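Q: Hi, could you walk me through this model, starting with its helix?

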Amino acid sequence: MSTPVPFESLLDIEGIVGAVRWRETVAGKGAVTPPFLTECIGNITEDRAERLMAHAEAAGLAIMGISQLSHLRASHDPSVVYPLDSYYVHSMRGSVVCTINRVAALIDNDVNVDIQKLIAKMNLIDNS
């Protein structure tokens, strides 16, 4: 088992503007109950953190659903990417990386961030 990474260490990565982590309000009912904000760090307001969490939760549930349907439809096909552990949303000014363990990071697009390295670190954050 890997050693958990402190959530605050995400701010050690140049280009990370802020980050949030959250949990389900009722375990196992993510699609039914709103998420609960656990913590936000960096240059992000609580309102922005709440919106980021809600959007990331909804997108994560949709992406996981699509991935599972694709896997069930063609589990024999090696090109089906499953299971997923994260997703990346790129925009003109900033981007967002979210991991399925319910951690999201805002990225300044003016900085070249190693997304694969960031995701590997985010996946090690204990968010229980």
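Q: Which residues of H1 are buried?
A: In H1, a helix (a DSSP run of H or I with at least four residues, numbered from the N terminus), the buried residues, meaning those under 20% relative accessible area with a 1.4 Å probe and protein chains only, are Ala 49, Leu 52, Met 53, Ala 56, Glu 57, Gly 60, Met 64 and Ser 67. This is a predicted model, where local features need pLDDT of at least 70, side-chain atom pairs count only at pLDDT 80 or more, and totals for chains, interfaces and linings use all residues. Residues are numbered from 1 along each chain as its sequence is written, and side-chain values use heavy atoms, with hydrogens and water left out.

Q: Why that spacing?
A: An α-helix has 3.6 residues a turn, so residues three or four places apart point the same way.

Q: What do they pack against?
A: The buried residues of H1 pack, with heavy atoms within 4.5 Å, against the strands (DSSP runs of E, at least two residues) S1 (16–24), S2 (35–42), S3 (86–90), S4 and S5 (103–108).

Q: New topic: where is Ser 95, and is it buried or exposed?
A: Ser 95 lies in strand S4, which covers residues 94–99, and Ser 95 is buried, with a relative accessible area of 1%.

Q: And which residues does Ser 95 touch?
A: Leaving aside neighbours within four places in sequence, Ser 95 is in contact with Tyr 88, Val 89, His 90, Ala 105, Leu 106, Ile 107 and Asn 109.

Note on methods. Buried means under 20% relative accessible area, exposed over 50%, partly exposed in between (1.4 Å probe, protein chains only).
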